[in-house]
Amino acid sequence: MSSKQKFVYSFGGGTAEGKGEQKALLGGKGANLAEMARLGLPVPPGFTITTEVCTWFYDHGKSYPKGLEKEVAAHLGRIERQLGRKFGDPLQPLLVSVRSGARASMPGMMDTILNLGLNDRTVEGLAKGSNNPRFAWDCYRRFVAMYGDVVLDLKPVDKRERDPFEVILEKKKHARGVKLDTELPVDALKELVREFKAEIRKRTGHSFPDDPMEQLWGAVGAVFGSWMNERAIVYRQLNAIPSDWGTAVNVQSMVFGNLGDDCGTGVAFTRDPATGEDVFYGEYLINAQGEDVVAGVRTPQKIATLKDRMPAIYRQLLEIRKTLESHYRDMQDIEFTVERGKLYMLQTRTGKRTGFAEVRIAVEMAEEKLITPEEAVLRVNPDSLNQLLRPIFDPAKKREAIEGGKFLTRGLNAGPGAASGRIVFLAGDAFEWAARGEKVLLVREETSPEDIKGMNASEGILTARGGMTSHAALVGRQMGKVCVVGCESIHVDARARTMVVKGKTFREGDWISIDGTTGEVIEGKVATMPSEVLQVLLEKTLDPRKSHVYHRYAKLMGWADAARRLKVRANADQPDQASNAVAFGGEGIGLCRTEHMFFGEGRIVAMREMILADTVEEREKALAKILPMQREDFIGIFRAMGPRPVTIRTLDPPLHEFLPHTPAEQEEVAKQSGIPVEKIARKVADLHEMNPMLGHRGCRLGIIFPEITKMQARAILEAACRVRKEKIAATPEIMIPLVGHVRELEDQTQLVRDVAEEVFRAEGIKVPYLVGTMIELPRAAVTADEIATVAEFFSFGTNDLTQTTFGLSRDDSGKFLPEYVRREILPADPFEKLDQGGVGKLMAWGVTWGRVTRPNLKVGICGEHGGEPSSVEFCHRTKLDYVSCSPFRIPIARLAAAQAALKEKAAEKAAKKKAKKPAKKAAPRRKAAKRKGARRR
Ligand code: PEP
Ligand code: MG
């Protein structure tokens with residue numbers, strides 16, 4: 001930091017040194033105060049100490065840069081001149097507030113000090129000036145307590161401890177026989193100030209600082225210090241705010257809303273933050289300070305009633321509402337104070353809002369032509385669409401449950417939405433209970449493919465183990481189920497039919513609720529609200545013309561589709577999932593996992609016979625039983641998808657997942673196949689693998705058992721031929737999984753092509769089809785040029801590619817990854833957000849080299865990242881053709897793809913503009929170069 005650098009920026013009195021766009025330097029609050037002052041709004045004068053000083057403070061053992069003190073003194077002098085008051089003056093004292101203000105809003109996470117500048121002399125000046133000694137002494141006792149808590153560190157650190165000033169205050173009220181603080185007379189307040197100061201001396205060994213300048217520097221240090229308090233650190237982690245941003249400090253002259261009935265204070269939003277409705281929304285209190293509104297001691301009034309109480313102020317506020325919205329072109333959250341009939345604006349910032357409000361405000365502002373449709377697309381966080389697409393908890397009921405102590409624990413938020421149901425521990429029970437009309441939640445240690453029927457029948461799924469790409473997470477998401485996984489603090493005993501959380505035992509049939517958006521698990525039943533968009537799109541129970549929510553959703557999606565380049569497909573393996581995908585705007589299927597088809601009625605036994613068979617003939621006989629069923633599955637999917645491309649993956653999971661593990665299952669296979677049960681048991685033991693994820697799975701299955709690939713290719717192509725005969729242009733893309741070497745792909749591709757020839761000859765019709773591969777292993781990515789000699793398309797299987805690149809088990813990572821994220825060892829769970837710096841590099845390499853060999857190579861992604869906004873943006877930048885995700889995430893991916901395209905467009909425009917500029921600027925730059933040169937010489 002150079003000594004010439006400016007550390008302090010003033011605002012107020014109709015001007016400001018800073019600007020709204022300087023949030024990085026001045027923090028959100030400081031930048032907006034400056035902007036409001038520039039707009040001519042009534043802002044009490046003050047100044048902002050920059051975030052750079054905060055960074056310097058931490059880099060230099062909590063000290064300040066040289067020159068800061070002088071600058072602060074000069075800015076203070078400016079306020080004094082503007083207001084005709086002086087800091088520390090016993091007659092006309094200037095009082096200030098000292099507040100934090102980071103680049104991103106961190107509500108309530110850092111510290112604030114109000115009424116700074118009061119001491120035994122200035123309090124008298126305030127008493128005289130306000131003509132209200134009670135008010136002055138009340139400010140003083142609040143200031144001493146606040147300063148003691150925040151600057152002198154007397155705030156309790158533990159829930160069991162009580163605030164020392166609260167204890168003294170309680171005693172005083174008791175002694176004076178009053179209930180409310182406001183009932184304490186002046187002499188009691190004076191005693192309180194003395195007692196507070198004595199307490200400070202006792203606890204810290206130092207006297208309370210009387211010198212206002214000393215108070216100010218103490219407060220500045222405390223606010224900078226609060227950037228690193230535990231609350232702020234946790235908040236930053238949750239909201240991905242880097243710790244090196246730092247906070248600014250805003251020092252602002254105090255205005256008082258508690259000097260009488262012509263005073264007041266309030267907070268308001270320029271539109272309703274819950275619904276997004278275009279109404280002025282907020283609350284105020286007459287004769288009160290800001291903290292009274294927040295503390296909830298008195299019940300605030302609705303802002304609309306201010307029209308009668310203070311008509312002129314209300315009119316002025318409505319004007320300001322208009323000015324701010326048209327200036328910021330977004331909904332604002334404001335704080336104001338009225339002092340003796342004069343309005344002051346203390347804060348404006350972009351208002352936080354629900355997902356519903358986010359969409360409504362963006363769409364309506366575009367309709368009002370305040371912003372463009374493209375801006376509306378950029379305004380909505382793609383994940384917020386979940387609120388429109390999923391059932392949600394009735395917010396009041398959820399709050400009630402949590403405040404009533406019903407919160408149990410938190411897991412990974414794998415499938416958004418809200419679900420309440422009765423606990424069942426076995427998938428079969430889930431199915432049976434649901435069939436008799438019960439709402440159930442399936443609670444498992446973890447799920448496996450055998451559970452899908454029960455998962456489908458459940459309102460939601462809760463597992464004790466597993467990460468964001470565990471079976472429960474990805475299958476649950478694909479089905480559109482609410483899902484919380486990796487909830488390590490619950491202990492599930494499926495045999496005993498119990499779940500224990502925090503020492504509390506829950507049994508089968510007990511009600512619990514899970515919030516898949518936040519990962520919360522709540523005891524009991526919490527009321528949910530259905531999604532209007534789903535009622536229109538999937539259930540078809542609501543007329544689209546009757547749903548405003550749907551209308552706005554559809555409008556936003558239309559704008560997004562016009563802007564995006566990336567196509568969006570679905571991961572779907574059942575005809576109903578395929579129909580959902582189309583309803584959500586899916587442009588194809590990017591991954592049809594065929595393994596779930598083997599668990600259906602009558603199939604698993606045939607599959608087991610196939611695995612346990614000794615000869616090719618036996619294997620073929622078993623597979624022949626599955627062929628017609630599998631063909632029917634594909635026919636259903638092709639019909640649902642029409643001419644859209646359908647990527648079907650050949651069998652992928654480790655064989656052991658299909659094996660009959662229990663004696664009863666082994667008996668059944670023995671009965672069906674005639675193989676002795678002992679032999680089956682032996683074979684099961686032989687097939688046991690130490691590390692099945694890296695074992696006999698993926699294309700290795702089809703290489704060792706070519707009959708499987710052949711049967712599947714036949715089923716796919718026969719289905720395609722038959723559907724084509726119905727005049728539906730089925731377009732299959734056959735995808736070989738877990739390829740690491742081009743020879744593996746050659747082997748499997750040849751099988752598929754041979755079968756295709758046979759099928760086309762027999763059916764008397766040819767269907768265009770592609771054969772491609774998943775890129776799921778680092779070796780496949782780095783040999784993409786070789787692999788593309790055979791593959792007609794690539795699809796990045798980033799679940800496995802993440803697993804194999806990190807060497808990190810996707811099923812076990814839930815045990816320790818959250819700690820990695822908490823400690824910022826990794827910025828996010830790489831199974832949830834694509835690791836762009838590692839896995840992403842392999843992808844970029846794969847795309848580039850794949851297209852060197854085959855320039856028109858079609859490339860997509862079908863790992864779970866295909867529906868995660870930051871990963872979708874990466875896929876756009878890396879020039880993929882499509883992303884594929886669960887049907888319920890399609891709208892999110894469409895929006896994220898549009899945002900990626902719009903951001904790119906904006907960046908290109910900015911680059912062009914920059915490229916044009918140098919012509920004008922060239923001269924000074926040359927001059928600078930000359931100057932440098934001159935010095936060197
Ligand atoms: C992947 O690995 O990314 C993938 C889509 O395949 P699966 O999750 O079925 O292993
Ligand atoms: Mg995979």
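For the charge counts used in this tour, Lys and Arg are taken as positive and Asp and Glu as negative, while His and the chain ends are left out. The structure on display is a predicted model.

**The whole chain**

Begin with the complete chain, coloured by charge. It carries 142 positive and 124 negative side chains, and the centres of these two sets are 7 Å apart. Next, switch to a cartoon representation, in which 37 helices and 32 strands can be traced. Orient the view along the principal axes: the C-alpha atoms then occupy a box of roughly 105 × 75 × 55 Å. The radius of gyration is 33 Å, which agrees with the value near 30 Å that a compact globule of 937 residues would have.

A surface representation is useful at this stage. About 40,800 Å² of the chain is exposed, and carbon and sulfur atoms supply 52% of that area. Of the 937 residues, 55% count as buried. Where contacts join residues at least 6 apart in sequence, 68% of them link residues at least 24 apart.

**First stop: Ser-105**

Select Ser-105, in the loop between strand 4 (96-102) and strand 5 (112-116). Is this residue buried or partly exposed? Its relative accessibility is 29%, so Ser-105 counts as partly exposed. Leaving aside neighbours within four places in sequence, show the residues in contact with Ser-105: Tyr-235, Arg-349 and Lys-352. For a sense of scale, draw a distance from Ser-105 to Val-500; the two C-alpha atoms are 38 Å apart, and the residues are 395 apart in sequence.

**Second stop: Arg-176 and Asp-187**

Side chains of opposite charge can pair when their charged atoms come close. A search of the whole structure finds 71 salt bridges. One of them is between the side chains of Arg-176 and Asp-187, with an N to O distance of 2.9 Å. This pair links distant parts of the chain: Arg-176 belongs to helix 6 (residues 164-176) and Asp-187 to helix 7 (residues 186-204), the two being 11 residues apart. Arg-176 is partly exposed at 30% relative accessibility, and Asp-187 is partly exposed at 40%.

**Third stop: Glu-325**

Move to helix 12 (residues 311-328) and select Glu-325. The cut-off for a buried residue is under 20% relative accessible area. Glu-325 has a value of 8% and is therefore buried. Not counting residues up to four places away in sequence, Glu-325 touches Thr-270, Arg-271, Asp-330, Met-331, Met-365 and Leu-370.

**Fourth stop: helix 19**

Select residues 471-479, which form helix 19. How many of its residues are buried? The count is 9 of the 9, so helix 19 is largely enclosed by the rest of the structure. Among these buried residues are His-471, Arg-477 and Gln-478. Extend the selection to Gly-480, which follows helix 19 and has a positive phi near 80°.

**Fifth stop: helix 23**

Helix 23 (residues 603-612) is largely enclosed by the rest of the structure, because 10 of its 10 residues are buried. The buried set includes the charged residues Arg-603, Arg-608 and Glu-609. Which helices do the buried residues of helix 23 pack against? Display helix 24 (616-641), helix 25 (663-673), helix 26 (677-686) and helix 28 (706-725) to see these partners.

**Sixth stop: a network of salt bridges**

Show the side chains of Arg-631, Arg-714, Glu-718, Arg-722, Lys-725, Glu-758 and Glu-763, which are linked in a network of salt bridges.

**Final stops: two further pairs**

Select Glu-819 and Arg-822, which form a salt bridge with their closest N and O atoms 3.3 Å apart. Both residues lie in helix 33 (residues 817-822), and because they are 3 residues apart they are separated by about one helical turn. Glu-819 is partly exposed, with a relative accessible area of 35%; Arg-822 is partly exposed as well, at 47%.

Finish with Glu-873 and Lys-903, whose side chains meet in a salt bridge of 3.1 Å, N to O. Here the pair links distant parts of the chain, with Glu-873 in helix 35 (residues 869-877) and Lys-903 in helix 36 (residues 890-916), 30 residues apart. The relative accessible area of Glu-873 is 21%, so this residue is partly exposed. Lys-903 is partly exposed, with 39%.

Terms used: Residues numbered from 1 in each chain as written. Chains lettered and ligands numbered in written order. Predicted model: local features only at pLDDT ≥ 70, side-chain atom pairs only at ≥ 80, totals over all residues. Heavy atoms only, no water. Helix = DSSP H or I, 4+ residues; strand = E, 2+ residues; numbered from the N terminus. Rg over C-alpha atoms; globule rule 2.2 N^0.38 Å. Buried < 20%, exposed > 50% of the residue type's maximum accessible area, 1.4 Å probe, protein only. Contact = heavy atoms within 4.5 Å. Areas by Shrake-Rupley, 256 points an atom, 1.4 Å probe, with all protein chains shown as cover. Charge placed at Lys NZ, Arg CZ, Asp CG, Glu CD. Salt bridge = Lys/Arg side-chain N within 4 Å of Asp/Glu carboxyl O.
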